[in-house]
Number of protein chains: 2
Amino acid sequence: MSPPAAVEPQDQGVSNGAPATLEPLTVGSVPARRAKTKVPTGVAAASSSDMFKSAACSTKPKAKRFDHLLSIESRGRKGSSLKQAAQYLKKPGLISLGGGLPSCEYFPFESISMKIPTPPHFSEKETIETGKVVTSAKYDIRDGKSDLDLEVSLNYGQSIGAAPLVRWVTEHTEIVHNPPYSDWQCSLSVGSTSSWEIALRMFCERGDYILTEEYTFATALEAAISLGVRAAACKMDDQGLLPESLDEVMSNWDATARGARKPHLLYIVPSGQNPTGSTHGAQRRKDIYKVAQKHDIFIVEDEPYYFLQMQPYKGAGAAPDAPPSSHDEFLKTLIPSYLNIDVDGRVLRLESFSKVISPGSRVGWVVGSEQIVERYIRHSECSTQTASGMAQIILYKLLDESWGHAGYFDWLINLRMEYTNRRNKMLEACEKYLPKSIASWNPPAAGMFHWIKIDWRQHPGFREGKDHAAIEDSIFKAAIEEGALVSVGSWFVADHSIPETDMFFRATYAAAPGDKIDEAIRRIGVALRAEFKLE
Amino acid sequence: MSPPAAVEPQDQGVSNGAPATLEPLTVGSVPARRAKTKVPTGVAAASSSDMFKSAACSTKPKAKRFDHLLSIESRGRKGSSLKQAAQYLKKPGLISLGGGLPSCEYFPFESISMKIPTPPHFSEKETIETGKVVTSAKYDIRDGKSDLDLEVSLNYGQSIGAAPLVRWVTEHTEIVHNPPYSDWQCSLSVGSTSSWEIALRMFCERGDYILTEEYTFATALEAAISLGVRAAACKMDDQGLLPESLDEVMSNWDATARGARKPHLLYIVPSGQNPTGSTHGAQRRKDIYKVAQKHDIFIVEDEPYYFLQMQPYKGAGAAPDAPPSSHDEFLKTLIPSYLNIDVDGRVLRLESFSKVISPGSRVGWVVGSEQIVERYIRHSECSTQTASGMAQIILYKLLDESWGHAGYFDWLINLRMEYTNRRNKMLEACEKYLPKSIASWNPPAAGMFHWIKIDWRQHPGFREGKDHAAIEDSIFKAAIEEGALVSVGSWFVADHSIPETDMFFRATYAAAPGDKIDEAIRRIGVALRAEFKLE
């Protein structure tokens with residue numbers, strides 16, 4: 001699907017007589033960087049992104065500290081007392097009767113294998129034909145066959161994750177995002193729902209407000225509400241959050257009327273937002289970041305759809321642009337992340353494999369400043385502990401040992417084209433079947449969601465005095481009656497104290513195949529015409 | 001290692017003319033029970049233990065409610081608004097553009113396989129020779145080959161877990177524990193550290209006390225302390241928690257002096273406790289439960305070592321008793337759990353695969369009353385979400401499809417004998433090498449830990465005015481100097497405001513092989529003699 005990586009071999013920061021080039025890491029320079037630091041391979045071996053970043057990182061200024069924004073809970077967390085014993089384990093010949101780790105001879109797995117596609121032959125059919133079986137055996141490390149095996153991944157591990165996977169996510173982060181401060185760190189997570197909940201507990205007290213877009217991810221809202229944290233909603237347009245609205249909410253904050261101090265935590269899904277499908281443009285991101293600096297707001301960017309940025313939509317019937325011709329070109333198509341423009345270290349980025357590999361892995365990672373990620377790891381040690389080692393070994397075999405960064409970018413380019421096709425199918429169906437007099441939309445530039453605006457005031461019920469909720473429900477049920485299920489906008493409203501003026505329905509093109517998307521949108525068209533008594 | 005299961009085929013609660021026998025589930029009656037309820041197999045299919053319990057369960061009284069003990073956070077949790085759409089998915093022919101689930105064609109795994117031992121040939125050597133490779137392919141459910149496959153387990157799932165694994169843990173729970181009330185439920189967890197943290201947040205407010213044993217699991221303590229929850233320590237003997245001490249702490253609670261309301265949450269590791277290795281006997285459990293009823297205490301029983309209950313220790317050189325001759329006999333050797341005697345539903349049991357299969361799975365489960373487990377699931381939905389589907393499919397293939405309950409009990413009997421041997425090696429080494437004039441111990445009946453008491457007042461430093469901490473550290477360092485690492489008792493002290501009168505060291509026999517255990521204990525003996533200037 002995509003051409004092989006444009007390999008750019010270059011050494012980085014090595015003192016071999018010549019001055020260090022101090023280029024940020026690229027796909028091509030990964031092998032040279034790896035040659036410099038042996039990855040730790042012991043059971044529960046400690047590691048950190050610092051072991052795997054290029055020398056270019058250390059030339060940057062350090063992140064600011066955000067102690068004043070942390071919660072009582074997070075500030076009070078201490079390290080584990082048992083970890084103090086670990087320092088003695090390095091003594092040669094020492095026999096440890098210290099840690100309560102089970103012996104690997106009692107793990108009832110000799111090996112775990114998986115059949116996976118060989119880049120760039122990614123389809124299910126091609127995987128059957130040209131895929132390969134890769135195997136992790138229990139003692140691959142001892143036998144010199146791998147940096148990670150079942151002896152390690154099936155035992156207890158560090159919260160940060162197994163070192164070889166920490167290396168992979170660190171390298172990926174530098175290649176794609178290259179944060180502008182030096183002391184950034186990665187830690188594996190058990191998925192972004194968990195990471196967001198931990199972030200809420202790290203930054204908020206019960207009774208606080210957070211800042212969100214007026215429509216936002218329902219589970220993120222529910223996590224906040226469960227902790228007694230409310231959402232202060234900011235206005236959006238087709239690029240999502242409006243910086244002027246964020247500034248206004250903060251500048252005019254009335255602590256007495258709100259019954260809460262000024263918020264300091266902003267939750268955003270900048271690319272292909274759930275539910276609106278909106279994507280913050282590059283300039284929009286800079287503008288929002290400036291407002292965050294002005295009001296000292298800490299940003300959580302939840303980015304499961306970042307690599308579902310698609311080819312531009314050129315109208316019904318138009319073939320999509322050719323795929324990016326190299327990994328460099330692919331990376332250039334991506335809108336720079338908040339992490340990439342975060343000179344202060346005021347962003348915690350939540351990374352996920354759910355939309356690009358498998359939601360069932362329950363492995364993701366977070367990136368942020370050393371201070372923030374250290375607090376995150378302390379939190380994990382006493383709660384989620386660490387991502388499943390079974391999932392970690394599977395992802396490691398796939399992403400590092402089999403595909404490498406180059407193969408993963410091939411995979412992502414392939415996904416980009418697949419989602420572009422799906423998105424186009426949905427937009428073409430909408431143009432074909434939906435009554436334009438009452439239905440309107442913007443082509444989504446990323447993600448899985450199409451957000452359809454309905455001019456509900458034209459609904460016959462409106463003249464009869466039916467309210468927004470009743471008409472939304474009537475349309476929702478009419479679509480189901482015709483055999484199509486969509487989500488209603490009101491499920492995603494951040495602040496129910498603000499009456500909804502517009503009406504939206506969310507349709508995903510991720511799950512159903514192309515012909516089903518066409519048929520479902522046709523049915524929705526029928527339902528809308530009947531509801532609005534059109535034609 | 002163990003004989004085949006004594007199969008007892010019998011139907012349960014089926015109305016085939018004869019009255020229902022209403023026997024609790026046994027290994028033998030599982031197939032008949034399964035024939036009555038088809039396990040849900042869809043993506044993120046809902047399930048509950050009620051689908052899988054025997055009819056005998058429903059004849060029992062319901063659990064009490066514990067609303068008055070729940071935290072503000074837990075009481076306030078609501079269900080997910082998006083879940084309301086799920087009810088419509090049953091409509092025939094409906095096309096869903098509702099849920100944001102990725103299409104399984106983009107999961108880059110055609111299959112996942114594992115090589116596992118065939119019961120009863122469990123050793124690593126036997127696994128290489130007679131083990132078998134089992135495979136989960138992406139579309140096994142569609143192809144009629146399995147109740148769980150990659151299409152389902154690699155996608156999003158319910159917090160309770162994949163239905164076929166919920167079935168397995170429910171059956172296991174009824175076979176082993178058979179709770180005395182009707183409305184018990186199981187939910188998968190992401191491991192017991194997470195479950196304990198969730199329980200703390202479900203039952204405690206910042207500033208509260210919990211009840212613990214005077215020495216307890218350090219990570220459990222750290223989780224509590226991080227949330228601003230302190231430990232009220234109760235005295236122990238060689239069977240762990242003393243019910244009289246628990247009663248005394250509760251009866252004499254001075255809210256003003258403590259600066260906190262009376263506690264209502266008790267944390268215990270009843271079998272092979274970490275760090276003391278103590279195991280609550282059957283009568284001890286009844287006595288503690290009575291005190292819990294008297295003071296309306298809710299009990300969290302954290303039981304990773306339950307199946308590491310060992311054969312009795314008969315003294316140095318004595319061969320261990322023969323293994324249990326049947327699964328029934330094996331189950332009879334196990335001390336009844338708190339869950340088994342919990343007539344009120346005031347116990348949340350934390351189950352773990354960490355010490356019996358693999359800590360790296362990060363899959364466990366909890367058992368409790370419907371009310372408590374429902375709150376647990378609501379909490380999970382907005383935090384950990386669910387256990388890794390990759391780990392779930394691996395455990396399902398091993399525990400259900402390959403071994404079944406019978407094979408798992410064979411495995412556990414095998415582990416019991418292995419740990420018995422390890423424990424015996426350590427005790428024999430202690431008898432051989434440790435100076436009895438200052439070192440004493442009780443043979444652990446379960447778990448991984450040996451708890452060695454040292455008469456620190458005989459240490460030369462004591463006469464010179466050295467305190468407990470200094471002498472403990474001196475012995476700890478002397479052992480390291482000789483090449484043996486153990487854990488010091490003070491790392492596990494629940495309440496540091498109470499001065500330690502005794503001194504202990506914890507040695508595990510789980511990690512090191514037999515000859516290393518012997519050598520390590522010899523080194524500790526040398527260190528002790530030198531420290532105490534003996535001989």
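Two strands count as paired here if DSSP finds at least two bridges between them. Keep that in mind for the close-ups below, all taken from a predicted model.

**View 1. Ala439(A) and its partner in β14(A).** Ala439(A) has Ile454(A), in β14(A), as its bridge partner. Zoom out a little and you get β13(A) running antiparallel to strand β14 (residues 449–454) of chain A, with two bridges between them.

**View 2. The open sheet of chain A.** Here four strands line up in the order β13-β14-β17-β16, with antiparallel pairing. At the edges sit β13 (439–440) and β16 (487–488) of chain A, each pairing on one side only. Helix α13(A) packs on this sheet, where it touches β14 and β17 (503–508) of chain A, and its direction makes about 20° with that of β14(A).

**View 3. Strands meeting across the chains.** Strand β2 (residues 111–116) of chain A runs antiparallel to strand β2 (residues 111–116) of chain B, and five bridges join the two. Look for Met114(A), which stands opposite Ile112(B) in β2(B).

**View 4. Chain A against chain B.** Each side brings plenty to this contact: 115 residues from chain A and 115 residues from chain B. About 9,200 Å² is buried between the two chains, 60% of it from carbon and sulfur atoms.

**View 5. A salt bridge at the interface.** Glu73(B) pairs up with Arg201(A) in a salt bridge, their closest N and O atoms 2.8 Å apart. On the side of chain A that touches chain B, helix α13 (residues 389–433) of chain A gives the largest share, 13 residues. By class, that side has 59 nonpolar, 33 polar and 23 charged residues.

Methods
Residues numbered from 1 in each chain as written. Chains lettered and ligands numbered in written order. Predicted model: local features only at pLDDT ≥ 70, side-chain atom pairs only at ≥ 80, totals over all residues. Heavy atoms only, no water. Contact = heavy atoms within 4.5 Å. Buried area = accessible area lost by both parts, 1.4 Å probe. Salt bridge = Lys/Arg side-chain N within 4 Å of Asp/Glu carboxyl O. Nonpolar A, V, L, I, M, F, W, Y, C, P; charged D, E, K, R; others polar. Axes fitted to C-alpha atoms, helices over the stretch in contact; angles between N-to-C directions.
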